[in-house]
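Grab a viewer and work through a few short exercises on charged pairs and backbone angles. Try each task before you read its solution.

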Amino acid sequence: MADVTRLMVRLDGPGGPTLTVKGRVAWTLDQLLQAGEAGCTPIERPAPRWSDYVFKLRKAGFSVETIDENHGGSYGGSHGRYVLRSAVEVLEEARR
């Protein structure tokens, strides 16, 4: 499947606003939509600046929850799991 480059969506049901996101922010929204309730992490779906893309989605009006998770290994620590909490209907998409 090709990466999404632009999404036009309706946020929060039939009376909600119509928004268009582009580039990596659109890619991030697409990843969150695909992940559903399980959410996703930068470890599972690598991208350079997940936190910035999520910040921009939140600024646009999307509700995205961050769940802190611990991980082990040689470089143990923690990471965020992002879960889209807004109702989103995809109206139009562009992929490359």
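The exercises below come with step-by-step solutions.

This is a predicted model, where local features need pLDDT of at least 70, side-chain atom pairs count only at pLDDT 80 or more, and totals for chains, interfaces and linings use all residues. Residues are numbered from 1 along each chain as its sequence is written, and side-chain values use heavy atoms, with hydrogens and water left out.

**Exercise 1.** Find how many salt bridges there are, and work out which residue pairs with Arg-6.

*Solution.* Start with the rule: a salt bridge is a side-chain nitrogen of Lys or Arg within 4 Å of a carboxyl oxygen of Asp or Glu. Side chains of opposite charge can pair when their charged atoms come close. Counting this way gives eleven salt bridges. Next, go to Arg-6: its partner is Glu-92, with the closest N and O atoms 2.9 Å apart. Now place the two on the chain: Arg-6 sits in strand β1 and Glu-92 in strand β5 (residues 88-95), 86 residues apart, so the pair links distant parts of the chain. Strands here are DSSP runs of E with at least two residues, helices are runs of H or I with at least four, and both are numbered from the N terminus.

**Exercise 2.** Which residue does Glu-89 bridge to, and are the two partners buried or exposed, or in between?

*Solution.* Glu-89 bridges to Arg-10, at 3.2 Å between the closest N and O atoms. That joins strand β5 to strand β1 across 79 residues. For exposure, take buried as under 20% relative accessible area, exposed as over 50%, and partly exposed as in between (1.4 Å probe, protein chains only). Glu-89 has 40%, so it is partly exposed. Arg-10 is partly exposed too, at 24%.

**Exercise 3.** Locate the salt bridge between Arg-85 and Glu-37, and classify each residue's exposure.

*Solution.* First, the contact: N to O is 2.8 Å. Then the location: Arg-85 lies in the loop between β4 (77-84) and β5, while Glu-37 lies in the loop between α1 (23-35) and α2 (50-60), 48 residues apart. Finally, exposure: Arg-85 is partly exposed at 39%, whereas Glu-37 is exposed at 63%.

**Exercise 4.** What is the phi of Asp-12, and where does this residue sit?

*Solution.* Check the backbone: Asp-12 has a positive phi of about 65 degrees, although it is not a glycine. Then trace the chain: Asp-12 is in the loop between β1 (4-11) and β2 (18-22). Last, look at the surface: Asp-12 is partly exposed, with a relative accessible area of 48%.
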